[in-house]
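This report describes salt bridges and one strand residue in a protein model. The sequence and structure come first.

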Amino acid sequence: MNMLSKEQQAFLDLVTKSFAVSDDVLNTLVTRVHAELFRGLASNTSRTSELLMKPSFIRPPLARPSSVSLGMSISGSRIRITSICVDAKSTPTRSHTQVFTMHEHQSVFDFAAYCVREFVQHHKLDSSSLPLGVTIVPSESTEYTELHSSDAGRKLCAAFVRSHLNVHVTAITRGAVSALVASRIKKSTRVAAVFDGGVDVAYVEQLGQVSKLRVSDETKSSLVAIDTDIGNFGSRYNALPVTMWDRRVDRESNNSGRVFEKLVGGRYLGELVRNLIVDMIDQRLLFTKCNVQEISVPYSLHTAYMGPIIDELGAVDAVFAAEFGINCSESDRRIIRTLCSIVMARAARVAGAVLAAVVLKAKADADDSVTVVLSGTVFDANPQMLDDTVREMQCRLPHTVKPEVVVQSPSDELFGAAINAACI
């Protein structure tokens with residue numbers, strides 16, 4: 001029996017129609033992303049690319065049986081550090097890992113130096129000279145924009161000097177590049193994607209294909225990891241299917257643009273649902289007898305809640321009573337679950353199409369097999385989105401392209417950062 005009023009059903013029908021993405025739109029999206037990936041590598045184009053397409057060299061770790069290399073992962077207020085040793089066969093093994101939590105108003109660089117000092121002292125490491133690789137993973141909450149500045153490495157090194165640490169930063173990469181590096185220790189992985197607060201995709205390319213760089217004939221066949229900055233796709237040329245709610249979230253965010261990231265990133269999916277809920281509240285279609293002050297706070301509905309709500313109707317009560325002090329009626333529960341499903345379904349379809357375009361770019365020739373590694377808190381908290389994203393990616397690829405998909409642990413990004421340190 002339909003428990004919704006005519007007005008409630010009409011609103012849900014509008015949302016369903018607004019968030020629907022046709023197969024034709026997705027096929028066009030694959031083509032446009034694929035073209036933009038080529039444009040981002042080119043030296044001379046008639047149009048500036050939306051994508052950063054930053055190359056990082058991929059090298060095997062150097063054998064250092066008696067030496068230690070450090071990896072650091074910075075995600076929101078959490079810093080993780082690991083140490084690895086590399087044996088005579090250039091096989092890295094982890095030895096220690098530790099997690100630190102930063103307090104508000106602390107300098108991220110000074111806190112990173114504090115963490116390294118504590119880590120080195122606690123595990124009694126030889127601190128005469130320590131290489132450190134850093135990976136930055138966007139979180140659903142705090143984001144430190146200074147980490148993305150061109151002088152972040154210099155500021156980090158200066159913090160180490162102030163703390164009397166002989167630590168030299170060998171690389172600062174984003175999560176997907178580190179995930180790619182870690183995976184290639186065991187597999188010939190060509191694509192890595194991290195769906196956390198933001199979205200980050202990297203793939204393997206021959207240096208000779210990066211025509212915006214001047215390279216010698218001897219290095220053209222060298223492999224590099226391309227950090228695509230795919231989250232910025234759609235920011236200039238209206239290439240993505242956005243709704244009025246997407247435009248509102250973008251307009252009110254402190255990170256305007258980066259349209260693709262706002263359609264699939266963990267920082268924004270819950271906020272999209274919250275905006276839909278608030279619109280229904282304003283039209284007196286939802287929570288008509290409840291105090292809605294808490295749900296009216298921006299970014300108060302976390303993406304991590306969406307998976308449990310989609311899986312089980314009863315989870316709506318648990319989340320909204322505990323987080324917002326709202327007792328839901330049966331119709332409230334069904335509406336919220338439907339809104340979460342609609343937003344998540346579109347995210348999976350768009351994400352799958354974009355990944356398909358990257359797989360096609362990474363597939364150097366017809367005989368290549370492609371391994372894709374996926375990770376991130378969005379997939380961890382929403383397994384159905386992971387399944388739907390993989391299925392959509394496979395649907396957008398030719399039948400002859402069948403990538404192997406591997407779900408990676410978040411700790412592998414940290415491992416990859418340490419491997420980057422051991423390569424210098």
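The structure holds 23 salt bridges; the model is a predicted one. Side chains of opposite charge can pair when their charged atoms come close. Three of the pairs are listed below.

| Acidic residue | Basic residue | N to O distance |
|---|---|---|
| aspartate 151 | arginine 154 | 3.1 Å |
| aspartate 227 | arginine 174 | 3.0 Å |
| aspartate 246 | arginine 346 | 2.7 Å |

In the salt bridge between aspartate 246 and arginine 346, aspartate 246 belongs to helix α6 (residues 244-252) and arginine 346 to helix α11 (residues 330-362), so the pair ties together parts 100 residues apart in sequence. Both aspartate 246 and arginine 346 are buried.

Aspartate 227 and arginine 174 also meet through their side chains in a salt bridge. This pair links distant parts of the chain, 53 residues apart: strand β9 (residues 223-227) holds aspartate 227, and strand β6 (residues 167-174) holds arginine 174. Aspartate 227 and arginine 174 are both buried. A network of salt bridges links Arg174 and Asp227 with Asp200, Asp229, Arg258 and Glu261.

For the remaining pair in the table, aspartate 151 is partly exposed, at a relative accessible area of 24%, and arginine 154 is exposed, at 55%.

Arg174 is also among the contacts of threonine 135, a residue of strand β5 (residues 130-136). Threonine 135 has a relative accessible area of 0%, so it counts as buried. Leaving aside neighbours within four places in sequence, its other contacts include Met72, Ile74, Gly175 and Glu413. A polar atom of the threonine 135 side chain lies 3.5 Å from the backbone nitrogen of glycine 175.

Conventions. Residues numbered from 1 in each chain as written. Predicted model: local features only at pLDDT ≥ 70, side-chain atom pairs only at ≥ 80, totals over all residues. Heavy atoms only, no water. Helix = DSSP H or I, 4+ residues; strand = E, 2+ residues; numbered from the N terminus. Buried < 20%, exposed > 50% of the residue type's maximum accessible area, 1.4 Å probe, protein only. Polar contact = N/O pair within 3.5 Å; in protein donor to acceptor, adjacent residues only side chain to side chain. Contact = heavy atoms within 4.5 Å. Salt bridge = Lys/Arg side-chain N within 4 Å of Asp/Glu carboxyl O.
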